[in-house]
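Please open the structure in the viewer and keep the sequence panel visible. The tour below proceeds by selections, each followed by a description of what is found there.

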Amino acid sequence: MILTSRDGQCSSGAMLSTVYSPRERTLRALKAWAICWMLALLSLPIIGLHWFLVPGFSVAGVVLGVQRYRMREASRELNGRCVLCGKEFSLALEPNERAPLWKYCPHCQAALCVEAA
Ligand SMILES: [Zn+2]
């Protein structure tokens, strides 16, 4: 990964991510699906709300399952050295964050552009 500040200085960093095997992707998808459908079943006895909750969770199960199956890689962490203040930092990333993206140095708040090397 290459970290670039607004004025064009560069440094290098590393992005850690988890790569899912096809089996893990299937299991993750089934788990999300099962949880949603369980919630749909549990909301059956809630009179009134069950008109919305049951179809809502049923659809969400399918959507989340497909989404999770498609996710081949989940970002976890970005490690690097700030271009401006020179300090090492480690930032947690959302699973769906991909380069290129902008991050702020936790020490000096400098905006850093993260790009694939
Ligand atoms: Zn900094």
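**Stop 1: the salt bridges**

The structure, a predicted model, holds two salt bridges. Select Glu88 and Arg81 to display one of them: the side chains of these residues meet in a salt bridge, at 2.8 Å from N to O. With a surface shown, Glu88 proves to be exposed, at a relative accessible area of 51%. Arg81, at 40% relative accessibility, counts as partly exposed.

Next, select Glu97 and Lys103. Glu97 forms a salt bridge with Lys103, and the closest N and O atoms are 3.2 Å apart. Are these two residues, Glu97 and Lys103, buried or exposed? Both Glu97 and Lys103 are buried.

**Stop 2: the sheet**

Switch to a cartoon representation and turn to the strands. Six strands make up an open sheet in the order S4-S3-S2-S1-S6-S5, and their pairing is antiparallel. Which strands stand at the edges? They are strand S4, residues 88-92, and strand S5, residues 101-104; each has a single partner strand, so one side of each is left without a neighbour in the sheet. Viewed across the sheet, neighbouring strands are turned by 30° against each other on average, with direction ignored.

Now select residues 73-81, which form strand S3, together with S4. These two strands pair in the antiparallel sense over five bridges. For one position in this pairing, select Gly80: the bridge partner of Gly80 in S4 is Phe89. The selection of strands S3 and S4 also takes in the earlier pair, since S3 covers residues 73-81 and S4 covers residues 88-92, and the side chains of Arg81 and Glu88 form the salt bridge already visited.

**Stop 3: the two domains**

Colour the protein chain by its domain assignment. Domain 1 consists of residues 1-19 + 76-117, and domain 2 of residues 21-71. How many Å separate the centres of domain 1 and domain 2? The separation is 34 Å, with the centres taken over C-alpha atoms.

**Stop 4: Arg68 and its surroundings**

Finally, select Arg68, which lies in helix H2, residues 50-70. Arg68 is partly exposed, with a relative accessible area of 30%. Which residues does Arg68 touch, not counting those up to four places away in sequence? The contacts of Arg68 are Arg25, Arg28, Ala29 and Ala32. Add Glu24 to the selection and draw a C-alpha to C-alpha distance: Arg68 and Glu24 are 9.9 Å apart in space and 44 residues apart in sequence.

Definitions and conventions: Residues numbered from 1 in each chain as written. Predicted model: local features only at pLDDT ≥ 70, side-chain atom pairs only at ≥ 80, totals over all residues. Heavy atoms only, no water. Salt bridge = Lys/Arg side-chain N within 4 Å of Asp/Glu carboxyl O. Buried < 20%, exposed > 50% of the residue type's maximum accessible area, 1.4 Å probe, protein only. Domains from an automatic or database assignment. Helix = DSSP H or I, 4+ residues; strand = E, 2+ residues; numbered from the N terminus. Contact = heavy atoms within 4.5 Å. Pairing = 2+ DSSP bridges. Axes fitted to C-alpha atoms, helices over the stretch in contact; angles between N-to-C directions.
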